[in-house]
Structures are given as structure tokens and as C-alpha cells.
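Ready for a few exercises? Have a look at the structure below, then work through each task before you read its solution.

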Amino acid sequence: MRRTLEREAPERLKVRMWLYPYLTYFAIAAMVVVIGSMALVDDVRSQLIPSFISLFVVLGAYWFKTRAERRATTVPARA
């Protein structure tokens, strides 16, 4: 979305992110390293599993919500 906004209306950008997009990639890589290290350390592994379970529950709820909204906004064709 940011690239589209930069191209179409750069004046609407309130915060100019420095080192874009490389800082974004670095942040994603850092998160993957932290999660990977959590999987390797016995003391925090017990926290990682419920975190993934709650993530999948939230993603599933979001999927069902957007699916229901999509069905509600779709007007059925009359024959």
C-alpha cells in the first residue's frame, strides 16, 4: 500500500520511514530469529506453543468474519 500511496499521493504520507523498505525486511528477519530461538530454548518453548495456537484462533476468527461480511454484501442474482 505504501508504494501505491507514494506514487499516487505522496503528500498524504504522515510519517516518512527511513531506510524503507530495507528496515522492514530487517525487522521481519529479526522477528523470525526471535521466534526461532524461542523454539530452541527449552524454558520458553512452552510459551511458544500457546502463542501459535492463539495466533491460529485469531486468524481463523478473522477469516470467518471477513467471509461472513463478504456474503452479507454480495447481492444474490435473481433468475
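A residue counts as buried under 20% relative accessible area, exposed over 50%, and partly exposed in between (1.4 Å probe, protein chains only). You're looking at a predicted model, where local features need pLDDT of at least 70, side-chain atom pairs count only at pLDDT 80 or more, and totals for chains, interfaces and linings use all residues. Residues are numbered from 1 along each chain as its sequence is written, and side-chain values use heavy atoms, with hydrogens and water left out.

**Exercise 1.** Find the partner of Glu-69 in a salt bridge, and say how far apart the closest N and O atoms are.

*Solution.* Start with the rule: a side-chain nitrogen of Lys or Arg must lie within 4 Å of a carboxyl oxygen of Asp or Glu. For Glu-69 the partner is Lys-65, with the closest N and O atoms 2.8 Å apart. Next, place the two: they sit four residues apart in helix α3, so about one helical turn separates them. (Helices are DSSP runs of H or I with at least four residues, strands are runs of E with at least two, and both are numbered from the N terminus.) Last, check the exposure: Glu-69 is partly exposed because its relative accessible area is 41%, and Lys-65 is partly exposed too, at 46%.

**Exercise 2.** Which residue does the side chain of Asp-42 meet in a salt bridge?

*Solution.* The whole structure holds two salt bridges. In this one, Asp-42 meets Arg-45 at 3.0 Å, N to O. These residues are three apart in helix α3, so again about one helical turn lies between them. Now compare cover: Asp-42 is exposed at 59% relative accessibility, while Arg-45 is partly exposed at 32%.

**Exercise 3.** Why is the pair of Trp-63 and Phe-64 called edge-to-face?

*Solution.* First, the cut-offs: rings of Phe, Tyr and Trp (its six-membered ring) pair if their centres lie within 6.5 Å; planes under 30 degrees apart are stacked, over 60 edge-to-face, and the rest tilted. A search of the whole structure turns up one aromatic pair. Its ring centres, in Trp-63 and Phe-64, are 4.9 Å apart and the planes are at 70°, so it's edge-to-face. As for cover, Trp-63 is partly exposed at 45%, whereas Phe-64 is exposed at 53%.

**Exercise 4.** Is Pro-21 buried or exposed?

*Solution.* Locate it: Pro-21 is in the loop between α1 (2-8) and α2. Then read its relative accessible area, which is 15%, so Pro-21 is buried. One extra step: Pro-21 and Val-41 are 20 residues apart in sequence, and 31 Å apart in space, C-alpha to C-alpha.
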